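Please look over the sequence and the structure shown below before reading on. The report that follows takes up one helix and its surroundings step by step.

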Amino acid sequence: MEHVEAEKLSKHTVTKVWNVREFCQQHQLGEQEEVRLRRLFGRFATASELQHNAKRPPRWRY
């Protein structure tokens, strides 16, 4: 074990990278949307990229 000083740690934040298929399954996006996102980004993309580029059908309230 080694003691680490908090001041010496890096302040860089880690970017969450998603598998596009898992993202689509978790957010209930269809297969066509998954194909579109995979063409756009490949197999992996950051959470921000996926959230900003995913097209979702509107949820209407009556």
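The account begins with Q32, which lies in helix α2, and what is described here comes from a predicted model. With a relative accessible area of 72%, Q32 counts as exposed, because the cut-off for that term is anything over 50%. Between the C-alpha atoms of Q32 and A6 the distance is 46 Å, although the two are 26 residues apart in sequence.

The next residue to consider is E33, which is found in the same helix, α2, spanning residues 31-41. E33 has a relative accessibility of 11% and is therefore buried, since that term applies under 20%. The two residues can be set side by side.

| Residue | Relative accessible area | Class |
|---|---|---|
| Q32 | 72% | exposed |
| E33 | 11% | buried |

The side chain of E33 is joined to that of R36 by a polar contact of 2.8 Å. When residues up to four places away in sequence are not counted, E33 touches N53, A54 and K55.

Which residues of α2 are buried? They are E33, E34 and L37, and because they cover an arc of only 100° around the axis, they lie on the same side of α2. A general property of such helices helps in reading this arrangement: an α-helix has 3.6 residues a turn, so residues three or four places apart point the same way. The buried residues of α2 pack against α1 and α3, whereas the face turned away from the buried side carries the exposed residues E31, Q32 and R39. Just after α2 comes G42, whose phi is positive, at about 95°.

One of the buried residues of α2, L37, also belongs to the largest nonpolar core, which has 10 residues in all and is made up of W18, V20, F23, C24, L29, L37, A45, A47, L50 and A54. At least two residues of this core are supplied by each of α1 (20-26) and α3 (47-53), and the largest share, 3 residues, comes from α1. A54, a member of this core, is also among the residues that E33 touches.

Within the core, L50 offers a view of how these parts come together. Leaving aside neighbours within four places in sequence, L50 is in contact with W18, V20, F23, L37, F41 and A45. Of these contacts, L37 is the residue already named as buried in α2, while W18, V20, F23 and A45 are likewise listed in the largest nonpolar core.

How values were computed
Residues are numbered from 1 along each chain as its sequence is written. This is a predicted model: local features need pLDDT of at least 70, side-chain atom pairs count only at pLDDT 80 or more; totals for chains, interfaces and linings use all residues. Side-chain values use heavy atoms; hydrogens and water are left out. Helices (H or I, at least four residues) and strands (E, at least two) are DSSP runs, numbered from the N terminus. Buried means under 20% relative accessible area, exposed over 50%, partly exposed in between (1.4 Å probe, protein chains only). A polar contact is a pair of N or O atoms within 3.5 Å; within protein, one must be able to donate a hydrogen and the other to accept it, and residues adjacent in sequence count only if both atoms are side-chain atoms. Contact means heavy atoms within 4.5 Å. A nonpolar core is a set of buried Ala, Val, Leu, Ile, Met, Phe, Trp, Tyr and Cys residues joined through side-chain atoms within 4.5 Å. The arc is that of the directions from the helix axis to the C-beta atoms.
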